Amino acid sequence: QVRLVESGGGFVQAEDSLRLTCVASGLRASNYDMAWYRQAPGKEREIVASIRFSFRGDIISYADSEKGRFTISSDSATHTMYLQMSRMRPEETANYYCNVVVTGPDESICWGQGTQVTVSA
């Protein structure tokens, strides 16, 4: 079974930067997508950024509010994903989750336990 462990969360002030890390273990599939989600109290979980691996080139997507400030990256050799967050905003306070989706006939979805990010005004 795939296990995802997030780290790097903490307390920062608005306009500060923070980098989140997700380490995946037990991942054997060659075709999979990785993404960062977040969920604030009383709100639905929403996607922040994702990366789809492709032979023709990786496809990276960001939520509109994060585009230009956040950067998602990964190291396929170690199954590690990062989220570099810059110029953070108070409304981005949430528990951030790592997500892996394995595509193909044996499709599966795995979530980490989350790492808390708190941004003060």
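Modeller: Two strands count as paired if DSSP finds at least two bridges between them. Keep that in mind for this predicted model.

Colleague: How do you know that strand 4 and strand 5 pair?

Modeller: Count the bridges. Six join strand 4 and strand 5, in the antiparallel sense. Two would do, so the strands pair. One bridge partnership sets Met 34 against Ile 51 of strand 5. Trp 36 stands opposite Ala 49, also in strand 5.

Colleague: What lies between strand 4 and strand 5 in the hairpin?

Modeller: Six residues separate the two strands. In the turn, Gly 42 has a positive phi of about 80 degrees.

Colleague: How do you know that strand 5 pairs with strand 6?

Modeller: Same test. Strand 5 and strand 6 share four antiparallel bridges. At least two are needed, so they pair. Ala 49 has Tyr 62 of strand 6 as its bridge partner. This hairpin has six residues between its strands, and Gly 57 takes a positive phi near 130 degrees.

Colleague: What makes strand 9 a partner of strand 4?

Modeller: Eight bridges join strand 4 to strand 9, and the two run antiparallel. The cut-off is two bridges, so this is a pair. Tyr 37 stands opposite Tyr 97 of strand 9.

Colleague: Why is strand 4 called mostly covered?

Modeller: Of its eight residues, six are buried. Take Arg 38, which is found in strand 4. Its relative accessible area is 7%. Buried means under 20%, so Arg 38 is buried.

Colleague: What comes close to Arg 38 in space from 54 residues away along the chain?

Modeller: Glu 92. The two C-alpha atoms are separated by 8.4 Å.

Colleague: Which class has seven residues in the lining of the largest pocket?

Modeller: The nonpolar class has seven. Three polar and two charged residues make up the rest. Among the lining residues are Met 34, Tyr 37, Ile 51 and Val 101. Asp 33 and Arg 52 also line the pocket. They count as charged by class.

Colleague: Which strands each supply at least two lining residues?

Modeller: Strand 4, strand 5, strand 6 and strand 9. The pocket itself has a volume of about 160 Å³.

Colleague: How many aromatic pairs does a search of the whole structure find?

Modeller: The search finds one. The rings of Tyr 37 and Trp 111 have their centres 4.8 Å apart. The limit is 6.5 Å, so they pair.

Colleague: Why is the pair of Tyr 37 and Trp 111 called edge-to-face rather than stacked?

Modeller: Look at the planes. They stand at 70 degrees. Stacked needs under 30, and edge-to-face needs over 60, so edge-to-face it is. Tyr 37 belongs to strand 4 and Trp 111 to strand 10, so the pair ties together parts that are 74 residues apart in sequence.

Colleague: Why is Trp 111 called partly exposed?

Modeller: Its relative accessibility is 34%. That is neither under 20% nor over 50%, so partly exposed is the term.

Colleague: How do you know that Arg 45 sits over the ring of Trp 111?

Modeller: The charged end of Arg 45 is 4.6 Å from the centre of that ring. The distance limit is 6 Å, and the charge must also lie within 35 degrees of the ring normal. The charged end of Arg 45 also sits over the ring of Tyr 97, 3.9 Å from its centre.

Colleague: Is Tyr 82 buried or partly exposed?

Modeller: Partly exposed. Its relative accessible area is 23%, and buried requires under 20%. Tyr 82 has its place in strand 8. Its C-alpha is 9.4 Å from that of Cys 98, which is 16 residues away in sequence.

Colleague: What makes phi of His 79 worth a look?

Modeller: Most residues other than glycine have a negative phi. Phi of His 79 is positive, near 55 degrees. His 79 is in the loop between strand 7 and strand 8. Arg 87 is another non-glycine with a positive phi, about 50 degrees. Arg 87 is in the loop between strand 8 and strand 9.

Definitions and conventions. Residues numbered from 1 in each chain as written. Predicted model: local features only at pLDDT ≥ 70, side-chain atom pairs only at ≥ 80, totals over all residues. Heavy atoms only, no water. 1 Å grid on protein atoms, 1.4 Å probe; cavity = no way out; pocket = protein on both sides within 12 Å on 5 of 7 lines; lining within 4 Å. Points joined across faces, edges and corners; volume = space filled by probe spheres on them. Buried < 20%, exposed > 50% of the residue type's maximum accessible area, 1.4 Å probe, protein only. Phe/Tyr/Trp six-rings, centres within 6.5 Å; stacked < 30°, edge-to-face > 60°.
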